[in-house]
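Reader: I have a chain to go through with you. Can we take it piece by piece?

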Amino acid sequence: ARALTPQTAETDAIRFLVGTQSLRYDNQIHIIDFDDENNIINKNVLLHQVGEIWHISTSPADKGVLATCYNKTSDTKVMTCAAVWRMPKELESGSHESPDDSSSNTQTLELLCHLDNTAHGNMACVMWEPMGDGKKIISLADNNILLWDLQESSAKAVLSSSTALEGKGQLKFTSGRWSPHHNCTQIATANDTAVRGWDTRSMRQIYCIENAHGQLVRDLDFNPNKQYYLASCGDDCKVKFWDTRNVTEPVKTLEEHSHWVWNVRYNHSHDQLILTGSSDSRVILSNMVSISSEPFGHMVDDDELSDQEDQHQEEKVKEPLQDSVIATYEEHEDSVYAVEWSSADPWLFASLSYDGRLVINRVPRALKYHILL
């Protein structure tokens with residue numbers, strides 16, 4: 001397995017979705033519900049009969065709707081396609097009840113629509129508009145960015161605009177993220193060693209970090225609280241933090257992993273908490289206080305600082321806290337291809353390794369109280 005996502009629209013129950021990558025059997029989506037009080041994981045399985053799942057994402061507005069990118073084999077050619085699905089009604093919201101006999105009642109996903117990309121190439125990922133009504137999605141296919149409009153209860157996808165990456169060679173996107181800032185009009189994409197920003201209204205490039213990493217860029221994430229801040233990770237084993245207004249140098253670089261870094265995720269509530277997963281089989285939780293929205297332990301705006309500095313000329317200016325690695329998790333024995341924060345509990349996260357092991361962890365209690373108090 002390599003596809004993991006929190007159920008974004010579910011903010012009460014702790015729920016993750018995992019997509020399998022099996023060559024022999026029908027592939028499945030496992031709905032993982034975590035019962036926080038009793039430390040029990042409950043699982044429901046949905047059949048995904050169209051092929052191995054490479055990427056999975058959930059609607060921000062509808063608990064029952066998700067999108068997958070999957071492999072389809074036709075005439076000796078393998079294509080990666082994307083589709084939007086609906087899960088059965090009774091599985092939509094997180095429940096703590098596991099079915100009595102899960103083996104007999106495996107249910108199937110209902111296909112809502114295909115994101116028809118035969119003309120555009122292989123789908124790398126599907127991104128939902130973060131604050132939207134679940135009607136706008138962007139897919140990255142080879143060197144194309146495609147903006148889709150989901151209509152009539154998501155049963156039809158209309159391509160509303162697109163753009164292509166120009167340049168020499170076989171250009172392909174590896175991943176992308178939709179920014180929650182600027183009224184959701186910007187996305188960032190990774191291709192080869194570059195990170196690019198795009199305006200979704202004009203479909204034009206707005207910034208480019210040419211050699212963001214020494215090797216392939218694997219993943220990106222936006223700081224949820226600071227609008228110009230972006231994290232990237234890649235095959236040079238590094239995690240880098242950028243201010244998109246000045247892309248010549250990263251603001252910070254983390255070099256804790258010993259192999260490719262597949263995933264980087266900001267915590268949605270406390271943006272100093274950064275989660276990374278790597279094919280060194282480790283998950284690392286870092287505390288990047290110095291570039292967070294709370295560098296002195298409380299919320300600070302850039303505008304506020306100047307006023308405060310005038311007032312505190314006499315007093316000693318409070319020292320920013322130090323960046324550090326909080327914890328390294330070594331429960332996996334295989335490459336960790338995905339890490340995700342829960343959308344219901346800011347202190348809980350899941351990691352997934354290729355051998356199909358899903359691990360759920362909590363932010364250490366001492367740190368949690370240090371942040372809160």
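Reader: Start with a pairing. Which residue in S15 is the bridge partner of Ser175?
Author: Ala190 is the partner of Ser175. Bear in mind that this is a predicted model.

Reader: How many bridges join S14 to S15, and which way do the strands run?
Author: Four bridges join them, and the two strands run antiparallel. S15 spans residues 186-191.

Reader: What is the strand order in the sheet that holds S14?
Author: The order is S14-S15-S16-S17, an open sheet of four strands with antiparallel pairing. At its edges are S14 (175-178) and S17 (204-209), each pairing on one side only. Neighbouring strands here are turned by 20 degrees against each other on average, direction ignored.

Reader: Now the sheet with S26. What's the order there?
Author: S26-S27-S28. That one is an open sheet of three strands, paired antiparallel.

Reader: Why is one side of S26 and of S28 left without a neighbour in the sheet?
Author: S26 (336-341) and S28 (358-362) are the edge strands, and each has a single partner strand, so one side of each has no neighbour in the sheet. On average, neighbouring strands of this sheet are turned by 20 degrees, again ignoring direction.

Reader: And how many bridges join S26 to S27?
Author: Five, with the strands antiparallel. S27 covers residues 348-353. In S27, Ser351 is the bridge partner of Val339.

Reader: Back up a bit. What does the whole chain look like in helices and strands?
Author: Two helices and 28 strands. The chain has 373 residues, and 54% of them are buried.

Reader: What about its exposed area?
Author: About 17200 Å² is exposed, with carbon and sulfur atoms supplying 45% of that.

Reader: And what share of contacts join residues at least 24 apart?
Author: 50%, counting contacts between residues at least 6 apart in sequence.

Reader: On to the interior. Which residues touch the most other members in the largest nonpolar core?
Author: Val84, Leu115, Met123 and Ile137 do, in a core of 17 residues. Strands S6 (65-74), S7 (77-86), S9 (110-115), S10 (123-128), S11 (136-141) and S12 (144-151) each give two or more residues to this core. Apart from it lies another core, of 16 residues, including Ala3, Leu46, Met79 and Ala83.

Reader: Take Ile137. What is it in contact with, beyond four places in sequence?
Author: Val84 and Leu115 are among its contacts. So are Val126, Met127, Trp128, Leu146, Leu147, Trp148, Leu150 and Trp178.

Reader: Any general reason to expect such a grouping, and what is it?
Author: In soluble globular proteins, nonpolar side chains tend to be buried together.

Reader: Next, S3. How many of its residues are buried?
Author: Eight of nine, over residues 27-35. S3 pairs antiparallel with S2 (residues 14-19) through six bridges. Gly19 has Ile29 in S3 as its bridge partner.

Reader: And how many bridges join S3 to S4?
Author: Nine, and these strands also run antiparallel. S4 spans residues 40-48. Gln28 has Leu47 in S4 as its partner.

Reader: What sits in the hairpin of S3 and S4?
Author: Four residues lie between the strands, and Asn39 takes a positive phi near 50 degrees.

Reader: Which loop holds Glu152?
Author: The loop between S12 and S13 (156-164). Glu152 is not a glycine, yet has a positive phi of about 40 degrees. With a relative accessible area of 53%, Glu152 is exposed.

Reader: What about Cys237, where does that lie?
Author: In the loop between S19 (229-234) and S20 (239-243). Cys237 has a positive phi of about 70 degrees and is not a glycine.

Reader: Which part is covered by the "repeat: WD" annotation?
Author: Residues 210-246, according to an unreviewed UniProt entry. That stretch is 0% helix and 46% strand, with its end C-alpha atoms 12 Å apart.

Reader: Last one: His268. Where is it found?
Author: In the loop between S22 (261-266) and S23 (273-278).

Reader: Why does His268 count as partly exposed?
Author: Because its relative accessibility is 45%, and partly exposed runs between 20% and 50%.

Reader: What does His268 touch, leaving out residues up to four places away?
Author: Pro224, Asn225, Trp341 and Ser342. His268 and Pro224 are 44 residues apart in sequence, and their C-alpha atoms are 6.0 Å apart.

Terms used
Residues are numbered from 1 along each chain as its sequence is written. This is a predicted model: local features need pLDDT of at least 70, side-chain atom pairs count only at pLDDT 80 or more; totals for chains, interfaces and linings use all residues. Side-chain values use heavy atoms; hydrogens and water are left out. A nonpolar core is a set of buried Ala, Val, Leu, Ile, Met, Phe, Trp, Tyr and Cys residues joined through side-chain atoms within 4.5 Å. Buried means under 20% relative accessible area, exposed over 50%, partly exposed in between (1.4 Å probe, protein chains only). Contact means heavy atoms within 4.5 Å. Two strands pair if DSSP finds at least two bridges between them. UniProt positions are given in the numbering used here, feature names are shortened, and annotations may be inferred rather than shown by experiment. Accessible areas come from the Shrake-Rupley method with a 1.4 Å probe; for residues, only the protein chains shown count as cover. Axes are lines fitted to C-alpha atoms, for helices over the stretch in contact, and angles run from 0 to 180 degrees between N-to-C directions.
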